[in-house]
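Here's a quick walk through one chain, helix by helix and loop by loop. Keep the viewer open as you read.

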Amino acid sequence: MDNKKVFKILSIDGGGIKGLYSAVILADFEERYGKLSNYFDLICGTSTGGIIALALAADIPANQIVNLYKEHGPNIFPYRNIFFSQLRKIKQIAITSKYSDKVLKESLQNVFGELRIKDCKTNVLIPTSNITTGKPCIIKNDHSPDLGRDSKHLLVDVALATAAAPTYFPIQKIKTMDRPNDQFADGGLFGNNPSLHGIQEAYHFFIGEENKKYTDFSLLSVSTLHQNFSFEKALKIRRRSFALWNSKLISLMMDLQSISTHFHIEYLNKSLNGQYIRIGSEPLTKKESKLIDIDKAGKKSIKLLIDKGHESSNKWLHDPSLQYFFNLNHAEVELRREQIGTV
């Protein structure tokens with residue numbers, strides 16, 4: 001395929017603190033190749049992947065998101081001991097969201113400042129769930145004359161909206177929306193792996209017709225670390241309440257949705273002829289799996305996520321198929337920057 005006519009997409013899954021794994025992989029790629037916004041025409045991300053995607057699209061190094069999760073993760077997802085953990089579960093089930101968004105918001109403000117969607121250096125796409133209308137809401141930069149809704153959104157507001165996992169964090173509003181009273185929750189409710197939305201965006205706006213610049217797409221998709229939520233033994237209680245499912249319900253839903261999207265793209269790719277790489281979850285032992293969940297941010301969990309991220313990136317950095325995504329000369333980089341700047 002001719003690189004100049006291939007629309008390159010980077011997609012990053014959601015999954016709470018597990019996104020530290022994805023951020024470490026991408027930070028390692030940046031250390032080798034430089035700013036990832038130079039290499040991709042569109043960066044997509046949901047929930048924690050949305051936070052990473054917004055940073056990368058705005059030329060904020062992935063390593064800053066690694067540091068955010070490493071330094072502030074234990075305060076974003078506070079875990080003191082089993083007693084307080086149980087109190088939080090009761091609170092989550094019956095009273096209010098499990099966590100405040102105060103620390104997360106402050107941490108994001110330190111990273112994003114007053115940057116807005118219009119300040120991104122490459123195209124960006126962030127799924128959120130508009131719970132006022134009951135419909136998906138895809139936030140994106142104004143890369144086409146047909147668009148014009150989202151450019152003024154603060155990156156902080158968008159990040160909080162896409163990461164507002166139900167029962168974990170409070171519902172959010174985005175001040176600059178046409179409907180300012182609409183409320184938003186985690187984009188992972190419908191698009192935890194936003195790869196298909198990225199492909200759809202590429203075909204709708206960039207690929208195909210004579211007046212469009214690209215003839216094909218390529219997709220690099222990055223998973224979070226999955227904690228192997230499976231039930232190898234038959235469950236004794238089949239009529240399980242919300243309390244019995246607990247966090248496994250949301251985590252299992254997100255993981256299955258991401259894997260299902262991967263299967264869809266593998267099948268579609270046979271006819272679409274795109275270049276597709278999925279960087280999946282590294283395998284975990286049963287002992288390691290107990291340390292991983294959406295909100296497990298203790299020292300051992302943080303260390304494991306970082307170690308597994310480096311383990312994955314070390315494999316892929318030596319994989320020839322990955323080089324395809326980082327095959328750009330200086331002129332092509334400048335051309336992409338000009339295209340974004342002239343919309």
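What follows is a short tour of the fold, its helix packing and a few buried spots.

## The chain at a glance

Keep in mind that this is a predicted model. The chain has 14 helices and seven strands. Of its 343 residues, 55% count as buried. If you take the contacts between residues at least 6 apart in sequence, 78% of them join residues at least 24 apart.

## H3 and its two partners

Start with H3, which runs from residue 62 to 76. Helix H5 (residues 102–112) is one partner: the two axes come within 10 Å and cross at roughly 160 degrees. That angle makes H3 roughly antiparallel to H5, and the crossing is right-handed. On the H3 side the contact is made by Gln-64, Ile-65, Leu-68, His-72, Asn-75 and Ile-76, and H5 brings Val-103, Leu-104, Ser-107, Leu-108 and Val-111. Sort the residues of this contact by class and you get seven nonpolar, four polar and no charged.

The other partner to look at is H2 (48–57). Here the axes of H2 and H3 are 8 Å apart and the helices pack at about 140 degrees. That makes H2 oblique to H3, and H2 passes H3 in a right-handed crossing. From H2, Thr-48, Ile-51, Ile-52, Ala-55 and Leu-56 meet Ala-62, Ile-65 and Tyr-69 of H3. The class count for H2 with H3 is seven nonpolar, one polar and no charged residues. Ile-65 turns up in the contact with H5 and in the one with H2.

## Two loop residues with positive phi

Either side of H2, check the backbone. Most residues other than glycine have a negative phi. Ser-47, in the loop between E2 and H2, goes against that with a phi near 55 degrees. Asp-59 sits in the loop between H2 and H3, and its phi is near 65 degrees, again a positive value in a residue other than glycine.

Are these two loop residues buried or exposed? Ser-47 is buried, with a relative accessible area of 4%. Asp-59 is buried too, at 18%, since the cut-off is under 20%.

## Leu-26 in H1

Now move to helix H1, where you'll find Leu-26. Its relative accessibility is 0%, so it counts as buried. Which residues does Leu-26 touch once its neighbours within four places in sequence are set aside? They are Leu-10, Ile-12, Leu-36, Ile-52, Leu-56, Ala-62 and Val-222. Three of those names may look familiar: Ile-52, Leu-56 and Ala-62 also take part where H2 meets H3.

Val-222 is a long way off along the chain. Leu-26 and Val-222 are 196 residues apart in sequence, yet their C-alpha atoms are 8.7 Å apart in space.

## H6 and the loop after it

H6 (155–162) is mostly covered, with eight of its eight residues buried. They are Leu-155, Val-156, Asp-157, Val-158, Ala-159, Leu-160, Ala-161 and Thr-162. The cover includes strands E2 (42–45), E3 (123–130), E4 (135–140) and E5, along with helices H2 and H5.

Follow the chain on and you reach Gln-172, in the loop between H6 and strand E5 (184–186). Gln-172 is buried as well, with a relative accessible area of 9%. Beyond its neighbours within four places in sequence, Gln-172 is in contact with Asp-101, Leu-160, Ala-161, Ala-164, Asp-182, Gln-183 and Phe-184. Leu-160 is 12 residues away from Gln-172 in sequence and 6.8 Å away in space, C-alpha to C-alpha.

## H12 and its surroundings

Last stop: H12, residues 299–316. At 1.5 Å a residue, its 18 residues should span 26 Å, and the end C-alpha atoms are indeed 26 Å apart, so the two agree. Its buried residues are Ser-301, Ile-302, Leu-304, Leu-305, Ile-306, Lys-308, Gly-309, Ser-312, Ser-313 and Trp-316. Among the elements that cover them are helices H1 (19–33), H3, H11 (286–289) and H13 (320–323), plus strand E7 (275–279).

One more loop residue belongs here. Leu-284 lies between E7 and H11 and is buried, with a relative accessible area of 11%. The C-alpha atoms of Leu-284 and Lys-308 are separated by 9.0 Å, with their positions 24 residues apart along the chain.

Terms used:
Residues are numbered from 1 along each chain as its sequence is written. This is a predicted model: local features need pLDDT of at least 70, side-chain atom pairs count only at pLDDT 80 or more; totals for chains, interfaces and linings use all residues. Side-chain values use heavy atoms; hydrogens and water are left out. Helices (H or I, at least four residues) and strands (E, at least two) are DSSP runs, numbered from the N terminus. The expected span of a helix is 1.5 Å times one less than its number of residues. Buried means under 20% relative accessible area, exposed over 50%, partly exposed in between (1.4 Å probe, protein chains only). Contact means heavy atoms within 4.5 Å. Axes are lines fitted to C-alpha atoms, for helices over the stretch in contact, and angles run from 0 to 180 degrees between N-to-C directions. Angles under 35 degrees count as roughly parallel, over 145 as roughly antiparallel, 65 to 115 as roughly perpendicular and the rest as oblique. A crossing is left-handed if the near helix is turned anticlockwise from the far one by less than a right angle, and right-handed if clockwise. Ala, Val, Leu, Ile, Met, Phe, Trp, Tyr, Cys and Pro count as nonpolar, Asp, Glu, Lys and Arg as charged, and the others, Gly among them, as polar.
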